[in-house]
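Trainee: I should like a close look at one part of this molecule, with its side-chain pairing and its packing explained together. Could you take me through it in one connected account?

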Amino acid sequence: METFAIGKAYVRGSECMPCATTIGSFLYAYENEIKNNPDIKNPALFMPCTTGPCRFGQYTRLHDMILKRKGYDVSLFSTNSDSHYEEITGGLKIHLVKAISASDIIYKLGCRLRPYGDAEKINAVLNEYIDKTEEVIT
């Protein structure tokens, strides 16, 4: 919720939720984990895009404008669904598939367990495994 609020402060409000969520999450990570960590060189935001009637394809441009306005030296990595994300190859593609699969499994597990137990305890356990997954992935 905090990252959504951060992102919402930088968008107009007519965009879909992923716009505020993605930039908010990146700004939060940049401020709290990236900016003062000398081990992180050349930070980048991965923001896929697509064509079509929605504005999703424009989020990369908007995110770039926001990051430049804040004075952040960040690269944006954007691929397009028209090419089936062919630009992503080798180890990065495998890494992304594993990350997406792990996050989907944890999310679905939470959806299955919460109706039958203490949601706060379940969220605490799932958050612990999200943290462990992030450690493995990064």
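**Helix 3 and its surroundings**

Mentor: In this predicted model, K68 and D64 form a salt bridge, with their closest N and O atoms 3.2 Å apart. Side chains of opposite charge can pair when their charged atoms come close. The cut-off that applies here is 4 Å between a side-chain nitrogen of Lys or Arg and a carboxyl oxygen of Asp or Glu, and the 3.2 Å of the K68 and D64 pair is within it. Both residues belong to helix 3, where a spacing of 4 residues sets them about one turn of the helix apart. The two partners fall into separate classes of accessibility: K68 is exposed because its relative accessibility is 58% and the class begins over 50%, whereas D64, at 24%, is partly exposed.

Now consider the residue that precedes D64 in the numbering. H63 also lies in helix 3, but its relative accessibility is 0%, so it counts as buried. What does H63 touch, once its neighbours within four places in sequence are set aside? Its contacts are C19, T22, I23, L45, M47 and L76. Among these, C19, T22 and I23 are also part of the contact that helix 2 makes with helix 3.

That leads to the packing of the two helices. Two packed helices are described by the angle between their axes and the distance between the axes. Helix 2 covers residues 17-34 and helix 3 covers residues 59-69; their axes come within 11 Å and cross at roughly 35°. The crossing is right-handed. On the side of helix 2, the residues involved are P18, C19, T22, I23, F26 and L27; on the side of helix 3, they are Y59, L62, H63, I66 and L67. By character, this set divides into 9 nonpolar and 2 polar residues, with no charged residue among them. Neither K68 nor D64 appears in the list of residues that meet between helix 2 and helix 3; those two residues pair with each other.

For comparison, the other salt bridges may be placed beside this one. The whole structure contains 3. One of them joins the side chains of E31 and K35, at 3.1 Å from N to O. E31 is partly exposed, at 35% relative accessible area, and K35 is likewise partly exposed, at 41%. Another links E128 with K132, whose closest N and O atoms are 3.4 Å apart. This pair lies in helix 5 (residues 119-137), and because its members are 4 residues apart, about one helical turn separates them. E128 has a relative accessible area of 39% and is partly exposed; K132, also at 39%, is partly exposed as well.

Finally, the setting of the part examined. The chain holds 5 helices and 2 strands, arranged along the sequence as α-α-β-α-β-α-α. Its C-alpha trace spans about 45 × 40 × 30 Å along the principal axes. Of its 138 residues, 25% count as buried, and H63 falls in that class. Of the contacts with a separation of 6 or more, 52% are between residues 24 or more positions apart. The chain exposes about 9700 Å², of which carbon and sulfur atoms supply 57%.

Methods. Residues numbered from 1 in each chain as written. Predicted model: local features only at pLDDT ≥ 70, side-chain atom pairs only at ≥ 80, totals over all residues. Heavy atoms only, no water. Axes fitted to C-alpha atoms, helices over the stretch in contact; angles between N-to-C directions. Left-handed = near helix turned anticlockwise from the far one by under 90°. Contact = heavy atoms within 4.5 Å. Nonpolar A, V, L, I, M, F, W, Y, C, P; charged D, E, K, R; others polar. Buried < 20%, exposed > 50% of the residue type's maximum accessible area, 1.4 Å probe, protein only. Areas by Shrake-Rupley, 256 points an atom, 1.4 Å probe, with all protein chains shown as cover.
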